[in-house]
There are 2 protein chains.
Amino acid sequence: MSAPASEAGPPAPRLVARRLGLITQHEAVVLMRTDCHVCRAEGLSAKAQVAISANGREVYATLYQVDDDWLGQEEAGLSESLWARLGVGDGAEITVRHAPSLESMSSVRRRIYGQRLSDGDLHGVVGDIAAGRYTDIHLAAFLTASSALALDHQETVALTRAMIDAGERLSWPGPVVVDKHSVGGLPGNRTTPLVVAIVAACGLTMPKTSSRAITSPAGTADTMETLAPVDLDLPAIRRVVEAEGGCVVWGGAVRLSPADDIFIRVERVLDVDTEGQLVASVLSKKIAAGSTHVVLDIPVGPTAKVRTEDAAERLSGALSRVAAEFGLATRCVLSDGAQPVGRGVGPALEAHDVLAVLQNQADAPPDLRRHACVLAGEALEFGGAAAAGEGLRLAEAVLADGRAWRKFLAICEAQGGLRTPPSASYTRPLTASRGGRIVHINNRKIARLAKLAGAPDVKAAGVRLMARLGDEVASGQPWVMIHADSPGELEYALDYANRNPDLMEVEA
Amino acid sequence: MSAPASEAGPPAPRLVARRLGLITQHEAVVLMRTDCHVCRAEGLSAKAQVAISANGREVYATLYQVDDDWLGQEEAGLSESLWARLGVGDGAEITVRHAPSLESMSSVRRRIYGQRLSDGDLHGVVGDIAAGRYTDIHLAAFLTASSALALDHQETVALTRAMIDAGERLSWPGPVVVDKHSVGGLPGNRTTPLVVAIVAACGLTMPKTSSRAITSPAGTADTMETLAPVDLDLPAIRRVVEAEGGCVVWGGAVRLSPADDIFIRVERVLDVDTEGQLVASVLSKKIAAGSTHVVLDIPVGPTAKVRTEDAAERLSGALSRVAAEFGLATRCVLSDGAQPVGRGVGPALEAHDVLAVLQNQADAPPDLRRHACVLAGEALEFGGAAAAGEGLRLAEAVLADGRAWRKFLAICEAQGGLRTPPSASYTRPLTASRGGRIVHINNRKIARLAKLAGAPDVKAAGVRLMARLGDEVASGQPWVMIHADSPGELEYALDYANRNPDLMEVEA
């Protein structure tokens, strides 16, 4: 389907940008006609890497070609990610050329052949990744190569540093900036808003930047967004933290360790997450956020990310050794990861749990309350607001007397105003197929169920656990409530539950 | 941009197929509206792997989402690769669901963590790859993992076997089936049609299936296509070989070692090609093609794929050890890879060289003639048609007395009729910037130049070398002729040549 090229001499490699509304995650994709003058003149074929220039910016993208009239011969159709990075308007003129070869890939190739990488090598690799120059193939090769031969301590430090340097770095007045991080894998583990409220109520600084869900039913930012605005820019974040000592905002607007988000997406696809990568991922975000003291929550359980105490101890050791190189103090808290924390799984359902704890409601989930107080207590001691051994008690007191709730309200107001989390239009219970004691809850399947019900995009959707490990249930007793905003999603979740009777298991 | 889902109960996960003319190489891509009922009900997000069913077939694809009206809410836009694999018509109903997780990826993960893979593991991996179930991320991880810890002999044998078993396997009457293979990287090295003509003229069986160019300016199938049809199905191939003893056809229609084509595309992106992968790639194709005796041409040179004699000897040893496990006899011929072979680079230009040699034209490129005779001579001795030490002489005689040309004509006729290779509309010489002796020709840059001029898609395009290593040239003397079919492509090639004065280097 090739058309004759212009006979008037060498055409300029220009095309007209068209926004396609194409959602490709982080990948930058451009669609061009096979017979457009740029493809012909540049000798471009499908899946070539191209460099696109407009607005004084140059962005790399993967080319797909179109042999059909729905795309014009003069048009370049841009994915949303590419559109945002180029910052053009519809109809803008762009130029397209072969992307130059990536020099940093020579480091990746050397790593594939078993050589160690230096600080400079890893800066080159991570810089190109943060600039969006690596395709999925390049990314997977780097991650695999640095897993097949595990990153050593020096490389992990270098990778962490390169990831910090590739993005923004925040700083805060005062010598102590507290942070917390949960090593993921546990649905409903929404302690962050509680810890921030308690710690800030005790006078410490805790400027928390959180992520949205990538594959889980809710990230902290998704949950917090049902309670207050979270899309704050850096000046707004500073105002909130100056006024209230803490915040719970989405970290996306401040570009902390931007390569990390890209790594995480690829690691999820491969289901590979080695220690070196995990350490660099967690610490680069915390150090870039300007933290000085971090409490690390490591849930341990058969369906959590970390499955044994030994693995948790090893991870904890690696985290503190690398953190020490950056002057970051860490404390690890190993916690029970055998089942979800709290009752709700999904943005609004988790927000309801958070509110219940803050407001000291009688039916507030005790495990969430306890876990948040343990973490807050560690942070209080660690940050110097409580004597050793007194942190937990102080946290509980601040929660019980309403100071944490008032601080949370003030933070929400400062972020733009308290919101009421939405409720779902449709609910349907799952019931125990036989009576007995609950002996197993599959975290991964509970998460999947909540996602099928619509979480995290549908804020009100998810599941609510009505029973926990060790509870006795009767045959036919409702033990999980599905929340959805459409009958279709409700049915999909129900269908999944029917096909997965091992979601929760009972012993007679 | 979410729309309310139907209130009438759970919608069936059906969409209407729309052919988008989207060219994505091997990758299967489907585009669906973010707000379509399937995405909402299945909880699908961008870059999810989905399983698409139609026509009793199920094919895996990568989902991209569209937040725009150019795609209908009931439509699923299919890439050409997906369209072909599903075999549907426009408007066909398809169903879409989450792709099940890939069990064979657990083998890849074990390989990442340093464990060796068994025959069964590799069958699982290669089977999924040949079925199109691996994304680029999965493919790059497998290739990297099996490079970071090199494949051992047992694994290479197992990978070769798995690659053979994933596709068709041909068999031929008679105990001796001759084949040849050049380890790539050398432009213009178009010996195959000559070797087939000579060997078949001497009564041996040589059913040659060749590939099209992936990143080079011409594959053997591209060149042969300017001389005769090459898109033959298996019954047609059998008829040609029965009648004439040989053929030169495109291998794509017979699905020999289909995983190999997928590996090659990813390896090219990474520029990683380890010995184990190369051995499995070459041998799986030959064994699947039913060959019993293979002559392997290994060009050695600073800008060829194999750069030293040591590397060539190592590769040759690995090839013959693995081949022996399948009862395949191999002979390796190390050749001079310092410069392109023949004069033309590009499908039609190489075809002209082939014809000149076959027709004993006075200006036929002597290096191409010599190299083809050496390889044919080895094949003749190896296949029992010439005594040891007599093969080269026989090959030269069969070429000189016109028997090879007559055989080639007969093969072309049997394949569908001899064609005249096209000529380009535009030619422009490059000239030496100063006088002296040519001491270096960059194979990779010559190939790039030919591609910019339009090869291999524009059959007549490419470059013709008018001087070779060791030749004395005067300042301003034409030494390369660019052939193009449009002024734009001509200018692009000229521009590249101007920016790359080290294409050919002269010493005073």
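## Close-ups of a two-chain predicted model

**View 1. A cis proline in each chain.** Pro456(B) sits in the loop that runs between α17 and β15 (462-465) of chain B, with helices (H or I, at least four residues) and strands (E, at least two) taken as DSSP runs numbered from the N terminus. This is a predicted model, in which local features need pLDDT of at least 70, side-chain atom pairs count only at pLDDT 80 or more, and totals for chains, interfaces and linings use all residues. Residues are numbered from 1 along each chain as its sequence is written, chains are lettered from A and ligands numbered from 1 in the order in which they are written, and side-chain values use heavy atoms, with hydrogens and water left out. The bond leading into this proline, from Ala455(B) to Pro456(B), is cis, with omega near 0°. In chain A, the peptide bond from Ala455(A) to Pro456(A) is cis too, omega again being near 0°. Pro456(A) belongs to the loop between α17 (443-452) and β15 (462-465) of chain A.

**View 2. A positive phi at Asn55(B).** Most residues other than glycine have a negative phi, and most peptide bonds are trans. Asn55(B) has a phi near 60°, so a positive value in a non-glycine residue. Look for Asn55(B) in the loop joining β3 (49-54) to β4 of chain B.

**View 3. Where chain B meets chain A.** The contact (heavy atoms within 4.5 Å) draws 62 residues from chain B and 62 residues from chain A. Between them the two chains bury about 5,300 Å², with 61% of that on carbon and sulfur atoms; buried area here is the accessible area (1.4 Å probe) that two parts lose on being put together, summed over both. Ile23(B), Ile137(B) and Tyr492(B) give 12% of the area chain B buries against chain A, more than any other three residues.

**View 4. Polar links across the interface.** Four salt bridges turn up between chain B and chain A, each a side-chain nitrogen of Lys or Arg within 4 Å of a carboxyl oxygen of Asp or Glu. In one salt bridge, the side chains of Asp136(A) and Lys47(B) come together at 2.4 Å, N to O. On the chain B side facing chain A, elements that each supply at least two residues include β1 (14-23), α5 (136-148) and α18 (487-499). The largest share there, nine residues, comes from α5(B). By type, that side of chain B has 30 nonpolar, 16 polar and 16 charged residues, where Ala, Val, Leu, Ile, Met, Phe, Trp, Tyr, Cys and Pro count as nonpolar, Asp, Glu, Lys and Arg as charged, and the others, Gly among them, as polar.

**View 5. A salt bridge within chain A.** Over all chains, the whole structure holds 68 salt bridges. Here the side chains of Glu58(A) and Arg97(A) pair up at 3.1 Å, N to O. The two are 39 residues apart, with Glu58(A) in strand β4 and Arg97(A) in strand β6 (residues 93-98) of chain A, so the pair links distant parts of the chain.

**View 6. The largest cavity.** On a 1 Å grid over the protein atoms alone, a cavity is a set of points where a 1.4 Å probe fits but cannot get out, a pocket is an open set with protein on both sides within 12 Å along at least five of seven lines, and lining residues have an atom within 4 Å of a point. The count is five cavities of 30 Å³ or more. The largest cavity holds about 110 Å³, a volume being the space filled by probe spheres set on grid points joined across faces, edges and corners. Of its 15 lining residues, His26(A), Glu27(A), Ala28(A), Gly132(A) and Tyr134(A) are the closest to its centre.

**View 7. The second largest pocket.** This pocket holds about 300 Å³ of space. Its 14 lining residues have Thr431(A), Ser433(A), Trp479(A), Ala497(A) and Pro501(A) closest to the centre.
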